[in-house]
Amino acid sequence: MLHCPDVFCVDPSRAEKDVSVTSTVRVFAPGRLHMGFLDLNGSLGRRFGSVGLTLEGIGIRLSVQHAQELTVDGPQARRARYFAQDFLDKLGCEGGAHVEIHDAIPEHVGLGSGTQMALAVGVALSELFGRRRSVREIAALHARGQRSGIGVGAFESGGFVVDGGRGTDAAPPPTVMRLDFPDDWRVLLILEDAGSGLHGEQEVAAFQALPPLSEALCAHLCRLLLMQTAPALAERNLDGFGRGITALQRIIGDHFAPAQGGRYASTRVAQALHWFEGAGVTGIGQSSWGPTGFAIVASEAQAQSLVREATTLWPANGGLAFRVLQGRNKGAQVVTT
């Protein structure tokens, strides 16, 4: 049985704690790009506001089954166990579960590994134990989406997602815009084999230390999104979309430069992005705190051609790797048996 993760329709004939029907739950949670913030000023009562894109071909794949106690195997098992125990404790679930992580998103590289793991584990256990909660309720339980709602939006619906920023409560920011990403366009990821972006206490400290962005620049970012980037995407105008994303990235990257050492966190990724721009790619940037960079191109053929050229400049032992992915226009997948 396939469930849409943001619905969780409850069968009224099934008691809340009845766990006899579901024996295995499988979840796929897609990775995402965080393409930048819209309002780092907050004078209107909301702060942050994020722009992001859901990715096909990279994500967290896991399965859960009933067990006498909680056990977790696979990549990033320690992190998954933390989220699983947290969920079981907060909902008062009796009994244990075996969680098997089959695939994971690389940690702390800007692709949403933490939020997607928390949501995937929470949704799987929610279904397994008959304690169904919405994606946003599970995000709040795990304290995810405190600044950005892009991970939650990617899990719920996929596509190109914009959230409305953090308000006065602890709820994840609402999704205020969602557009399909063209099937023929490609996302070229630039991955560094070492290093990680700011996260945890360092990330919190960076946000506290950075000054507010001016109201004028925040207004310009919102205009870039509403009057250039989003309309261009709706019209499948790659040049307009790419120029809008790159302009947004430059402003946000320069604002974060004191915390991450420059417009981009990685010198090598920055060099590759500069090369892609010189090769005619209009949409480039860094996802979240990096170090992962991205370039948006028109087709699979163009992406593969660029990768072949880039690989001669940054071979396998040169510290960078390149992946070609599609955008994903649907959210997480949840299957129960």
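In this predicted model, His 108 lies in the loop between β5, residues 96–103, and α2. The backbone angle phi of His 108 is near 60°, which is a positive value in a residue other than glycine. With a relative accessible area of 26%, His 108 is partly exposed. A second residue can be described in the same terms, namely Gln 76, whose phi is also near 60° and positive although the residue is not a glycine. Gln 76 is found in the loop between β4, residues 71–73, and α1, residues 77–91, and at 17% relative accessibility this residue counts as buried, because the limit for that word is under 20% relative accessible area.

One further backbone detail concerns the peptide bond from Gly 290 to Pro 291, which is cis, with omega near 5°. Pro 291 has its place in the loop between β9, residues 283–286, and β10, residues 293–297.

With these loops located, the chain as a whole can be considered. The chain has nine helices and 12 strands, and of its 337 residues, 52% are buried. When contacts between residues at least 6 apart in sequence are taken together, 78% of them join residues at least 24 apart.

The interior may be approached through helix α1, where Ala 80 is found. Ala 80 counts as buried, at 0% relative accessibility. If residues up to four places away in sequence are not counted, Ala 80 touches Val 72, Ile 101, Met 117 and Val 121. Between the C-alpha atoms of Ala 80 and Leu 62 there is a separation of 9.9 Å, while along the chain these two residues are 18 residues apart.

Leu 62 leads on to the largest nonpolar core, which has 74 residues, and among these Met 35, Leu 62, Leu 125, Phe 160 and Phe 241 touch the most other members. Helix α2, residues 113–128, supplies the largest share of this core, with nine residues. What does Met 35 contact, once its neighbours within four places in sequence are left aside? The partners of Met 35 include Val 51, Gly 52 and Leu 53, and further along the sequence Phe 160, Phe 241, Ile 245, Leu 248, Gln 249, Phe 294 and Ile 296. Two of these partners, Phe 160 and Phe 241, have already been named among the core residues that touch the most other members. Apart from this core there is a second, separate one of 18 residues, and Leu 188, Ala 310, Leu 320 and Phe 322 are among its members.

From the cores the reader can turn to empty space, and in particular to the second largest pocket. Rolling a probe the size of a water molecule over the atoms shows where empty space is left. The second largest pocket holds about 230 Å³ of space. It is lined by 16 residues, of which Leu 38, Asp 39, Asp 163, Gly 164 and Cys 222 are the closest to its centre. The elements giving two or more residues to this lining are the strands β2 (24–39), β3 (48–67), β6 (160–163) and β7 (175–179), together with the helix α6 (215–234). Of these, α6 gives the most, with three residues. Sorted by character, the lining residues of this pocket comprise nine nonpolar, three polar and four charged ones.

Cys 222, one of the residues closest to the centre of that pocket, raises a further matter. Why do Cys 222 and Cys 218 form no bond with each other? The structure holds zero disulfides, and Cys 218 is accordingly in none, the nearest cysteine sulfur to its own being that of Cys 222, 7.0 Å away. The two sulfurs are therefore too far apart for a bond, since they are separated by 7.0 Å, whereas a disulfide requires sulfur atoms within 2.5 Å. The surroundings of these two residues can also be described, for Cys 218 is buried, with a relative accessible area of 3%, while Cys 222 is partly exposed, at 36%.

The last stop is Ala 316, which has its place in the loop between α9, residues 300–313, and β11, residues 320–327. Is Ala 316 buried or exposed? At 75% relative accessibility it counts as exposed, because the term applies to values over 50%. Ala 316 and Asp 193 are 123 residues apart in sequence, yet in space their C-alpha atoms are 9.5 Å apart.

Terms used. Residues are numbered from 1 along each chain as its sequence is written. This is a predicted model: local features need pLDDT of at least 70, side-chain atom pairs count only at pLDDT 80 or more; totals for chains, interfaces and linings use all residues. Side-chain values use heavy atoms; hydrogens and water are left out. On a 1 Å grid over the protein atoms alone, a cavity is a set of points where a 1.4 Å probe fits but cannot get out, and a pocket is an open set with protein on both sides within 12 Å along at least five of seven lines; lining residues have an atom within 4 Å of a point. Grid points are joined across faces, edges and corners, and a volume is the space filled by probe spheres set on the points. Helices (H or I, at least four residues) and strands (E, at least two) are DSSP runs, numbered from the N terminus. Ala, Val, Leu, Ile, Met, Phe, Trp, Tyr, Cys and Pro count as nonpolar, Asp, Glu, Lys and Arg as charged, and the others, Gly among them, as polar. Buried means under 20% relative accessible area, exposed over 50%, partly exposed in between (1.4 Å probe, protein chains only). A nonpolar core is a set of buried Ala, Val, Leu, Ile, Met, Phe, Trp, Tyr and Cys residues joined through side-chain atoms within 4.5 Å. Contact means heavy atoms within 4.5 Å.
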